[in-house]
Amino acid sequence: MSEVSAGLRRVISVITARTGLHYYTDKPALLEKIIAARMAALGCRGYLDYLEHLNDEALGDAEWRELESAITIGETFFFRYAEQFRALETTILPELLSRLRAMRMLRIWSVGCANGAEPYSVAIVLRHLLERRGEDGWTIEILGTDISTRALDQARQAEFGWWALRDLTPRQRAEWFVPVVEGRTWRLKECYRQMVRFRHANIMDLPHGRGPVGPFDLVLCRNVLIYFDPVQVARLVREMAQRMTAGGWMLVGHSEPMEQFENFMQPVRLPGTMAFRTRERGDAPIAPRTPASRGGLVSAPPTLPRPARTVRHVSPSSSVPQAVADPAREGGREAGILRTIRQLADSGAPRRAVGMCREYLRRAPMAVGVYFMLGILLLALGEHEGAVEGFRRVIYLRRGHVMARCYLAHLLEGTGAAEDARRLRAQARELAMCLSATHVLEGGGGLTAGGLLRILQDKENHDAGLLAALPDIASGLS
């Protein structure tokens, strides 16, 4: 093997180790031109020089993003695999909406979302279902992740050409999109766009405790793992299953290694496709519903009602959301680990404290208090994206957690999501009003429910700086 080919093989080995794209290991020619173009753009003298650039602490991350975007296989389009979307519309989403009606919160993860066509398609189906069922007050979180930053930029822009919309009828295209360049490009309507958020994530990070934390009620991992080594597939499927709720659903591509999914989840045969569910003791298989002959999104042109502006709004409820039971707290283990984590942070080692949080959560993924502490630590360290994920997990696991809503509102306000921030504060106010005025709020540093209500009243017309008036329990952690 020549020096050049040996260098190329080494670069390919590094790429596959990081991305998991085992598909390229015996196809060096597919990567050679991409790598050569990146080397030319950087002025690298050879493969070893390029490897040094990838490993550079200051420059490597940006180049990895460019390279990952260039090698990602991101072909997708709206309502790809119509039979799976029929299953979503007739069986999976209706079951989730019925089962979760009391808490009115649904979390969905689109793995390898590419240009966003998949999560946006789910948003369209879900919004239609909620309107058809006459249900309001749901908090819908649809997360799309991908390793390609270019694809994510396109997804956030939500503009698509005819090729991505090729399976839609003219009526559907007119109902869900607005034309940008007549006959060439269309932009998805805002009511669907606001249901989906996107973030960069490498699925290979999951076994190391990084990436989306869940829990998710529905995961779509379609045409992602077909490019991975079978040993890696098994690890990744296990990690995804651990990030799902009991009885949660997963849809995979038709060419995925099904046996790996069956090792961790229960297969459910639906008309035209196979789905998987996380195992739950006493959980009986769900009988597929017969797809309706009229009004469906996929099987026939739908008659969608005009989009309402209520899907992400949480209406005032007459009852306080019930806290999720936490076995770790009941056993006293969580309290002990929280003391240790706090001591580490107070001694000037917040990074070690973050690592301890994450390590503990890998073993005890329902530990609400540790998730809250992780959010506080990451907020103090300026890692706001991770803090948002931590507080979202707290709210999902413990619906009555007031302070997690306050901190999450503060973070979302910083990203320009003012409407979501106001919604969360309204929820915090409602929850606090259901408590005694002297009730000490969990995670509030001694703040009582009455004290919080006074703060919220004083700041009612001021979105900025709400947390400045709250006890700063993160002050000792930076």
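**Strands, helix α15 and two loop residues**

Colleague: Happy to start small: which residue in β5 is the bridge partner of V181?
Modeller: Strands are DSSP runs (E, at least two residues), just as helices are runs of H or I with at least four, both numbered from the N terminus. In strand β5, V181 has as its bridge partner T185.

Colleague: What kind of model is this?
Modeller: Residues are numbered from 1 along each chain as its sequence is written, and side-chain values use heavy atoms, leaving out hydrogens and water. Local features need pLDDT of at least 70, side-chain atom pairs count only at pLDDT 80 or more, and totals for chains, interfaces and linings use all residues, since this is a predicted model.

Colleague: Over how many bridges do β4 and β5 pair?
Modeller: Two strands pair if DSSP finds at least two bridges between them. For β4 and β5 (residues 185-188), the sense is antiparallel and the number of bridges is four.

Colleague: What is the order of the strands in the open sheet of three?
Modeller: Pairing in this sheet is antiparallel. Its edge strands, each paired on one side only, are β3 (159-161) and β4 (177-181). The order is therefore β3-β5-β4.

Colleague: What span does helix α15 reach?
Modeller: Helix α15 covers residues 368-380, which is 13 residues. The expected span is 1.5 Å times one less than the number of residues, and here that gives 18 Å. Close to this, α15 reaches from its first C-alpha to its last a span of 19 Å.

Colleague: How many residues of α15 are buried?
Modeller: Buried means under 20% relative accessible area, exposed over 50%, and partly exposed in between (1.4 Å probe, protein chains only). The buried residues of α15 include Y371, F372 and M373. Of the 13 residues in this mostly covered helix, the buried ones number twelve.

Colleague: Which residue just after α15 takes a positive phi?
Modeller: The phi in question is about 80°. The residue is G382.

Colleague: Is N223 buried or exposed?
Modeller: N223 has a positive phi of about 60° although it is not a glycine. The residue is found in the loop between β7 (216-221) and α10 (230-242). Because its relative accessible area is 15%, N223 counts as buried.

Colleague: What is the relative accessible area of Y81?
Modeller: Y81 is not a glycine either, yet has a positive phi of about 65°. The loop that holds Y81 runs between α4 (60-71) and α5 (82-99). Y81 is partly exposed because its relative accessible area is 22%.
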